[in-house]
Amino acid sequence: MDGHSLFRLLGVGAKFDLKRFKSDAQKLKLIKTDVKEIKPETDSTLLEETSTTNTELSKKKRSRKVEELDEDDEGDIIFYKQKKVQKTEPDKGNSVKKVTKNKDSLETLIRKKNKIHVHGFDPPPPVTDFEQLKNYSIHPRLLENVKKVEYTKPTPIQMQAIPVMMRRREVMACAPTGSGKTAAFALPVLNYLKEPRNSGIRSVILAPTRELSNQIYQEMQRLSEGLGLRIYYIKKANLKKIGPKTFSKKDILVTTPQRLVFVLSQEPQILSLSSVEWLIIDESDKLFEDGKTGFRDQLGVIYKACDSPNIRRAMFSATFAHDVEQWCKKSLNDVIQVYIGGKNTATETVEQQLMFVGSESGKLFALRDIVQKGIEPPVLIFVQSQERATELFQELIYDGINVDVIHAGRSQAQRENVVSSFREGKIWVLICTELMGRGIDFKGVNLVVNYDFPTSAISYIHRIGRTGRAGRQGKAITFFVEDDVDYLRSIANVMHGAGCPVPEYMLKLKRPSKKDRRKMAQKNPKRKGISTSLRENKKKLKRNKNNSDLPNGISKTKLKASREFPGKKKKKVSKEFPGKRKKASKKSSNK
């Protein structure tokens with residue numbers, strides 16, 4: 001008996017790793033040194049028997065190729081060698097998983113590139129072209145209107161918010177100023193309504209100011225051209241003419257909360273919001289504010305009036321407060337949150353600058369110095385109150401600048417004329433309050449000057465957001481004095497987040513508490529009047545203010561003397577001039 005047969009008898013049923021013990025196998029002449037692969041020495045019957053043993057191996061060993069040497073009546077030895085696994089036919093289930101993984105990776109790349117952050121269950125993929133909206137069965141006329149208004153490519157907020165609303169999902173969206181939020185909610189609403197119906201108001205769009213609501217109304221008119229949808233904007237002049245039949249043949253209502261609450265409170269009932277299917281709230285953080293500056297009470301009345309079971313709500317703003325975010329999570333059904341960039345951040349297209357001017361009087365000198373060095377109109381100047389706006393207007397009107405002022409104290413007709421002339425280029429510099437800091441889109445504003453320091457970071461973001469819109473470059477200069485130190489850190493953090501240079505000491509200033517910050521945001525600090533004139537000129541200005549409502553060249557004393565006042569006012573005239581009459585009588589007696 002040779003060594004080979006003896007080895008086979010002693011190793012019945014044993015497994016021998018030819019790769020590991022290759023040298024021993026060569027000594028026993030189990031394999032040939034010249035052959036790379038072991039060929040079976042037995043016939044086909046041996047291979048059939050060894051195939052049964054192969055099925056008993058584990059999953060890992062099944063991938064290895066089993067090779068047999070010889071067979072005897074007493075048993076066999078199994079020799080195996082590791083081989084590369086042969087390619088098998090692709091599984092349909094695995095291919096579907098790979099496709100979904102590729103889609104998910106593509107979506108994440110698009111969102112990461114455009115700084116889109118999405119929170120919520122099963123958000124739809126973003127679109128990179130308006131033509132992709134055909135997958136959501138968008139109206140072809142809407143795509144034609146998009147091309148007419150020269151919307152070439154969707155902005156980041158439009159990429160994600162439009163598909164979300166197309167699927168009838170409630171959304172809370174936060175995007176920087178000038179990023180195209182109006183079109184982001186206008187296109188889905190118009191596509192859902194499709195055609196006019198006489199079933200009452202089907203969509204309500206709210207904005208905090210009349211100027212912003214009018215701007216939204218005009219944008220909706222442009223995008224809905226050819227669809228036949230009837231859009232109504234409540235003006236002050238229309239309030240007297242509004243009746244029960246006014247809203248029966250309207251589809252979309254654009255207005256401010258106060259005017260809508262006034263219409264809802266009329267008796268008998270003029271307007272019903274039971275058929276509203278889309279409630280859009282623009283600048284929602286402002287509308288949710290409590291107190292005199294906010295609209296929380298009015299918004300609650302409107303929210304209850306929209307009691308349709310099919311209603312969907314959408315909140316849009318450039319900034320979001322924490323309490324608004326929590327309310328949306330609790331009250332909105334299956335809401336999807338969409339954020340572009342960081343929360344409460346300024347646009348990177350605006351060059352921001354802080355300028356220390358010493359005192360209140362130094363602001364006017366600094367502003368005139370900027371004008372003398374050269375400005376590119378149009379320019380917006382923000383102040384904290386109506387009184388300071390008129391004071392600054394009276395100072396700049398004599399500097400040879402085409403300047404005007406706008407605030408809530410002016411009539412609606414005056415405000416509309418100022419806005420239109422500023423857009424047409426007739427006015428170079430516009431002095432305004434926080435009224436113009438929300439949502440108003442002035443194309444091509446090159447410079448924003450914060451004459452009075454903003455009381456919060458949110459106010460600052462909205463102010464400087466009037467420039468650098470739609471990808472254009474802009475500049476913002478903010479004056480500050482020693483009294484503004486408490487507000488300085490929050491503004492410096494916004495500038496630092498946008499990549500603008502900020503002194504390190506500003507970032508290390510003491511941070512006020514939440515209560516102090518709320519108080520600071522609600523109340524404007526006391527400041528001295530805006531004037532560089534002498535005391536005598538100030539007295540003349542006060543006289544001019546008192547006589548501003550009177551005809552030119554007539555003072556109050558002359559007017560009182562010339563008028564014949566009826567009733568009690570006649571007695572006042574007789575009492576005011578008794579001394580003069582007595583003197584006149586004495587002179588006549590002396591003569």
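Which residues of strand β13 (residues 379-382) are buried on one side, and which on the other? V379 and I381 lie on one side and L380 and F382 on the other, and all are buried, so that both faces of the strand are covered. The model is predicted. The points below start from β13 and then take up a buried arginine, the backbone, the cysteines and the UniProt records.

**Strand β13 and its partners**
- In a regular strand, side chains point alternately to the two faces of the sheet.
- The buried residues of β13 fall into two pairs, with V379 and I381 on one side and L380 and F382 on the other.
- β13 pairs with strand β15 (residues 429-432) in the parallel sense, over 4 bridges.
- Within that pairing, L380 is opposite L430 of β15.
- β13 also runs parallel to strand β16 (residues 447-450), and 4 bridges join the two.
- On the β16 side, I381 has V449 as its bridge partner.

**A buried arginine**
- R466 sits in the loop between α17 (457-464) and β17 (474-481).
- R466 is buried but forms no salt bridge.
- The nearest side chain of opposite charge is that of E283, 5.6 Å from R466, whereas a salt bridge needs the charged atoms within 4 Å.
- The R466 side chain does reach a backbone atom, the oxygen of H462, at 3.0 Å.

**Cis peptide bonds**
- E267 and P268 are joined by a cis peptide bond, with omega about -5°.
- P268 belongs to the loop between α10 (257-264) and β9 (278-282).
- A cis peptide bond also joins P377 and P378, where omega is about 0°.
- P378 is in the loop between α14 (360-373) and β13.

**Positive phi outside glycine**
- R168 is a residue other than glycine with a positive phi, near 60°.
- The position of R168 is in the loop between α7 (156-166) and β5 (171-174).
- Is R168 buried or exposed? R168 has a relative accessible area of 18% and is therefore buried, the cut-off being under 20%.
- K194, likewise not a glycine, has a positive phi near 65°.
- K194 is part of the loop between α8 (181-193) and β6 (203-206).
- K194 counts as partly exposed because its relative accessible area is 46%, which falls between the limits of 20% and 50%.

**Cysteines**
- How many disulfides does a search of the whole structure find? The search finds 0.
- A disulfide is a covalent bond that links the sulfur atoms of two cysteines.
- C328 has 1% relative accessibility and so counts as buried.
- C432 has 0% relative accessibility and is therefore also classed as buried.

**UniProt records**
- An unreviewed UniProt entry annotates residues 131-159 as "short sequence motif: Q motif".
- UniProt also places the feature "domain: DEAD-box RNA helicase Q" at residues 131-159, again from an unreviewed entry.
- In the model, the span of residues 131-159 is 45% helix and 0% strand.
- The C-alpha atoms at the two ends of residues 131-159 are 12 Å apart.

Technical notes. Residues are numbered from 1 along each chain as its sequence is written. This is a predicted model: local features need pLDDT of at least 70, side-chain atom pairs count only at pLDDT 80 or more; totals for chains, interfaces and linings use all residues. Side-chain values use heavy atoms; hydrogens and water are left out. Buried means under 20% relative accessible area, exposed over 50%, partly exposed in between (1.4 Å probe, protein chains only). Lys and Arg count as positive and Asp and Glu as negative; His and the chain ends are not counted. A polar contact is a pair of N or O atoms within 3.5 Å; within protein, one must be able to donate a hydrogen and the other to accept it, and residues adjacent in sequence count only if both atoms are side-chain atoms. Two strands pair if DSSP finds at least two bridges between them. UniProt positions are given in the numbering used here, feature names are shortened, and annotations may be inferred rather than shown by experiment. A disulfide is a pair of cysteine sulfur atoms within 2.5 Å.
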